[in-house]
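The following exercises concern a single protein chain. Please work through each task before reading its solution.

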Amino acid sequence: MLCRLGGRRLRPLPGLQLGVRDPRFASAPTGGARRSALPVWAVASVSAVSPGGAGGWYEALATSAPVRGAEELLLGAHSAVGLPWWGSILLTTVALRGAVTLPLAAYQHYILAKVENLQPEIRNIARDLNQEVAIRANQLGWSKRVARLTYLKNMRRLVSELYVRDNCHPFKATVLVWIQLPMWIFMSVALRNFSTGATHSEGFSVKEQLATGGVLWFPDLTALDSTWILPVSVGVINLLIVEIFALQKMGESRFQAYVTYFVRAVSVLMIPIAATVPSSIVLYWLCSSFMGLSQNLLLRSPRFRQLCRIPLTKRDSDTPYKDLFAAFYAKFISRK
């Protein structure tokens, strides 16, 4: 086994020189991804606004092309279906989540499942490579630091080769976030423009239409929800989504635990924030969160996962919903 892998794992000594950095493992991709997090159009829009103007960055966002596109989408859906504004917002949210984020979420699960199935092979490679580096270190008198750096450098190379071989680099699983988060922001800003009277349609103020386009306890979509029913519902559904993810991950690391606590705090913080914005925006947030919860539950279905050709993993269960309920009951109800 080691003889067969020796030529592939440890390159000749010139290739293992620690002073030469392999360009494939340079920090450029990570830094580049952070530097490119703000789209070019957003940078141009913000630069075009006077830095001394109040709320200049928000004005640039509110008048940007993506927000205008979201406004046209909402107006088009409202005109096409002929429903009150609450129904148009609900229908548009369901359509966007079903047509855009659901396929991306299925693709995310597809990538993560392939990465998970690679873990046994990665562990075997790590064990064998560790032995090979130990032998080479004894032969050449490497220090512990040199041996460790050599191990890490070659391990990164080998794992990267596995990701390329199976076409499942973990970064591909983040595509959902890069699409869903901007879409959520643009739709929210578009609805705020409607609620503040910044947008007109066919000579009529959309704000006036929203003022009578609500239902039940929130007939005025431009007003705040004084009952706090919508804001609290948004927070509760978001917390449910977080807990479903937390229950699904067994033996999470300390960093993952911190991330879970942070997302929980954000979900709770969304309640007072939602109480300070127009009901039209909170209604969109509620519909989007509910669709996110439904989407998460749907992607646990073995039949749906098979339909999406998501590979089976060791953690997959034939009774996911029963297991989820049992874990939820054990964590929150039966605990004394």
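**Exercise 1.** Determine whether R309 is buried or exposed in this predicted model, and describe its backbone.

*Solution.* Start with the accessibility: R309 has a relative value of 71%. The cut-off for an exposed residue is over 50%, so R309 counts as exposed. Next, locate the residue: R309 sits in the loop between helix 13 (302-307) and helix 14 (320-333). Finally, inspect the backbone: phi of R309 is positive, about 60 degrees, although the residue is not a glycine.

**Exercise 2.** Carry out the analysis for L216: is this residue buried or exposed?

*Solution.* The relative accessible area of L216 is 67%, and L216 is therefore exposed. Its position is the loop between helix 9 and helix 10. Phi of L216 is positive, near 55 degrees, and the residue is not a glycine.

**Exercise 3.** Identify which residues of the largest nonpolar core touch the most other members.

*Solution.* This core has 38 residues, and the members in question are W85, F194 and W285. Among the elements that give two or more residues to the core are helix 6 (85-140), helix 8 (175-195) and helix 12 (279-298). The most comes from helix 12, with 8 residues. For W85, set aside neighbours within four places in sequence; the contacts then include L74, L75, H78, F194 and V206. Another core, of 18 residues, lies apart, with A137, Y151, Y163 and A173 among them.

**Exercise 4.** State what the mean pLDDT of the protein is, and where the pLDDT is below 50.

*Solution.* The mean is 80, and 79% of residues reach 70 or more. Over residues 1-54 the pLDDT is below 50, and this stretch has 67 contacts in the model beyond near neighbours in sequence.

Key:
Residues are numbered from 1 along each chain as its sequence is written. This is a predicted model: local features need pLDDT of at least 70, side-chain atom pairs count only at pLDDT 80 or more; totals for chains, interfaces and linings use all residues. Side-chain values use heavy atoms; hydrogens and water are left out. A nonpolar core is a set of buried Ala, Val, Leu, Ile, Met, Phe, Trp, Tyr and Cys residues joined through side-chain atoms within 4.5 Å. Buried means under 20% relative accessible area, exposed over 50%, partly exposed in between (1.4 Å probe, protein chains only). Helices (H or I, at least four residues) and strands (E, at least two) are DSSP runs, numbered from the N terminus. Contact means heavy atoms within 4.5 Å. pLDDT is the predictor's confidence in each residue, from 0 to 100.
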